[in-house]
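Colleague: Please take a close look at one part of this model, the largest pocket, and describe the residues around it. I would like the setting in the chain as well.

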Amino acid sequence: MTIVRPALIGGDRDEFRPAEFAAMRILRLADPLLPRRYRIVPHERIARVLLEAAATAPSGEHIIESEAITAARG
């Protein structure tokens, strides 16, 4: 089993969430200054990391933290 724990999932959505919208704006501006664990993680990257883990991870429980997701290639 693989668990991913992204900080904030980036991407477009149909539903408008004002607090999330404000947080995304602030985090995008501060991105170069933030540690990887607090950066916005694009939903495509999360999906890619999950697919890779499903294909290559040994059995057992694996937790992938946000900084590892943002460091992933792509």
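Modeller: Phe16 is a good place to start: at a relative accessibility of 58%, Phe16 counts as exposed, the cut-off for that class being over 50%. The model is predicted, and what follows should be read with that in mind.

Phe16 belongs to the one aromatic pair in the structure. Its partner is Phe21, and the two rings are tilted, with 5.6 Å from centre to centre and 50° between the planes. The angle is classed as tilted because stacked requires planes under 30 degrees apart and edge-to-face over 60. Phe21 is partly exposed, at 40% relative accessible area.

Both rings are part of the lining of the largest pocket, which also includes Gly11, Asp12, Arg13, Glu15, Arg17, Glu20, Met24, Arg25 and Arg28. The space in this pocket comes to about 240 Å³. Sorted by class, its lining has seven charged residues, three nonpolar and one polar. The polar one is Gly11, because Gly is counted among the polar residues here.

The charged residues of the lining deserve a separate word. Side chains of opposite charge can pair when their charged atoms come close. Here a network of salt bridges links Arg13, Glu15, Arg17 and Glu20, and these four residues are also among those that line the pocket. One of the pairings is between the side chains of Arg17 and Glu20, at 3.8 Å from N to O. That distance qualifies because the limit for a salt bridge is within 4 Å. Arg17 is partly exposed, with a relative accessible area of 35%. Glu20 is partly exposed too, at 21%; this value does not count as buried because buried means under 20%.

Gly11 ties the pocket to other parts of the chain. Gly11 sits in the loop between strand S2 (8–10) and helix H1 (18–30), and is partly exposed with a relative accessible area of 37%. Leaving aside residues up to four places away in sequence, Gly11 touches Met24 and His43. Of these, Met24 is another lining residue of the pocket. The C-alpha atom of Gly11 is also separated by 6.0 Å from that of Pro42, which is 31 residues apart from Gly11 along the chain.

For the setting, the chain has three helices and four strands, in the order β-β-α-β-α-β-α along the sequence. Its C-alpha atoms fill a box of roughly 40 × 30 × 20 Å along the principal axes. Of the 74 residues, 19% are buried. Among contacts with a separation of 6 or more, 74% are between residues 24 or more positions apart.

The structure holds five salt bridges. Among them is the one between the side chains of Arg5 and Glu65, at 2.7 Å from N to O. This pair links distant parts of the chain, since Arg5 is in strand S1 (residues 2–5) and Glu65 in strand S4 (residues 62–65), 60 residues apart. Arg5 is partly exposed at 43%, and Glu65 is partly exposed at 29%. Another salt bridge joins the side chains of Arg39 and Asp31, at 4.0 Å from N to O, with Asp31 partly exposed at 29%.

Technical notes
Residues are numbered from 1 along each chain as its sequence is written. This is a predicted model: local features need pLDDT of at least 70, side-chain atom pairs count only at pLDDT 80 or more; totals for chains, interfaces and linings use all residues. Side-chain values use heavy atoms; hydrogens and water are left out. Helices (H or I, at least four residues) and strands (E, at least two) are DSSP runs, numbered from the N terminus. Buried means under 20% relative accessible area, exposed over 50%, partly exposed in between (1.4 Å probe, protein chains only). On a 1 Å grid over the protein atoms alone, a cavity is a set of points where a 1.4 Å probe fits but cannot get out, and a pocket is an open set with protein on both sides within 12 Å along at least five of seven lines; lining residues have an atom within 4 Å of a point. Grid points are joined across faces, edges and corners, and a volume is the space filled by probe spheres set on the points. Rings of Phe, Tyr and Trp (its six-membered ring) pair if their centres lie within 6.5 Å; planes under 30 degrees apart count as stacked, over 60 as edge-to-face and the rest as tilted. Contact means heavy atoms within 4.5 Å.
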